[in-house]
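Q: I would like to go through this protein chain with you. Could we start with the overall fold and then turn to the details?

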Amino acid sequence: MTSSTLVDRAALTVDPLDAARVLLGCHLVADTDDGEVRVRLVEVEAYRGEDDPGSHCYRGRTARNAVMWGPAGHLYVYFVYGMHFCANVVALDDGRPGAVLLRAGEVLSDPGMAHARRPTARGRDAELARGPARLCTLLGLGREQNGADVVDPSSRVRLEPGEPVPDDAVRHGPRVGVAAGQQRPWRLWVAGAAAVTPYKAGRARPEGPDW
């Protein structure tokens with residue numbers, strides 16, 4: 001387990017759009033059965049709460065989305081389409097729902113081990129953690145990590161500051177694949193990063209989360 005400095009919880013106790021900007025360029029580190037896996041976050045997507053039709057909290061608090069209501073700095077991990085896990089970092093104050101979906105990362109740890117964990121990447125480094133499901137598979141994030149505190153040094157998955165991404169290298173655009181609130185430009189990514197998800201619009205509908 002690393003003893004590196006972690007992101008301060010206060011930096012994430014902000015509006016999800018601001019938290020998304022904080023997360024871009026950070027390192028997400030997971031202790032797996034194969035050893036430490038480290039990725040640099042290059043694409044994230046912000047979600048608010050009951051005023052955001054694309055959010056899992058749009059219709060209120062449930063047992064499933066309870067983690068998203070805070071406190072900040074915890075993982076909200078959910079299962080989607082009956083086959084994939086996706087992970088978010090919770091933002092905002094305790095009691096106010098908001099989170100940032102972790103969409104893609106660049107592998108900074110041993111690439112050989114990463115390819116062994118993600119053999120379907122077929123040798124393409126950019127495919128190792130492109131998309132939230134692949135990122136979770138690589139890092140070994142599943143139901144048992146729901147609620148994990150990524151700013152606690154004793155956690156199996158941790159969030160460390162990376163090299164800051166300059167403002168002129170940050171791009172904003174619509175969310176990928178969601179059915180509601182898709183046109184909000186709340187997806188942020190690092191310009192030129194090979195792991196960024198190709199844009200795909202979701203089937204539009206007036207309201208309701210895509211889950």
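Q: Which helices and strands does the chain have, in number?
A: This is a predicted model. The protein chain contains four helices and eight strands.

Q: And what pattern do they follow along the sequence?
A: Read along the sequence, the order is α-α-β-β-β-β-β-α-α-β-β-β.

Q: What does the radius of gyration say about the overall shape?
A: The protein chain has a radius of gyration of 16 Å, which agrees with the value near 17 Å that a compact globule of 211 residues would have. Along the principal axes, its C-alpha trace spans about 45 × 40 × 35 Å.

Q: How much of the chain is buried?
A: Buried residues make up 56% of the 211 residues.

Q: What about the accessible surface?
A: The accessible surface of the protein chain is about 9300 Å², and carbon and sulfur atoms account for 51% of that area.

Q: What share of the contacts is between residues 24 or more positions apart?
A: Among contacts with a separation of 6 or more, such pairs account for 62%.

Q: Changing topic: how many charges are there, and how far apart are their mean positions?
A: There are 26 positive and 27 negative charges in the protein chain, and the mean positions of the two sets are 8 Å apart.

Q: Now the cysteines. How many disulfides are there?
A: The structure holds zero disulfides.

Q: Why is Cys26 not bonded to Cys136?
A: The closest cysteine sulfur to that of Cys26 belongs to Cys136, but it is 17 Å away, which is too far for a bond. A disulfide would need the two sulfur atoms within 2.5 Å.

Q: And which cysteine sulfur is closest to that of Cys136?
A: That of Cys86, at 6.0 Å, which is also too far for a bond.

Q: Are these residues buried or exposed: Cys26 and Cys136?
A: Cys26 counts as buried, at 5% relative accessibility. Cys136 is buried as well, with a relative accessible area of 2%.

Q: Cys136 is in helix H4. How many residues of H4 are buried?
A: Helix H4 covers residues 132–139 and is mostly covered, with six of its eight residues buried. Besides Cys136, the buried residues are Pro132, Ala133, Leu135, Leu138 and Leu139.

Q: What covers them?
A: The cover for the buried residues of H4 includes strands E1 (27–32), E2 (35–47), E4 (84–90) and E5 (99–107), together with helix H3 (111–117).

Q: Last one: what comes just after H4?
A: Gly140 follows, with a positive phi of about 70°.

Note on methods: Residues numbered from 1 in each chain as written. Predicted model: local features only at pLDDT ≥ 70, side-chain atom pairs only at ≥ 80, totals over all residues. Heavy atoms only, no water. Helix = DSSP H or I, 4+ residues; strand = E, 2+ residues; numbered from the N terminus. Rg over C-alpha atoms; globule rule 2.2 N^0.38 Å. Buried < 20%, exposed > 50% of the residue type's maximum accessible area, 1.4 Å probe, protein only. Contact = heavy atoms within 4.5 Å. Areas by Shrake-Rupley, 256 points an atom, 1.4 Å probe, with all protein chains shown as cover. Lys, Arg positive; Asp, Glu negative; His and termini not counted. Charge placed at Lys NZ, Arg CZ, Asp CG, Glu CD.
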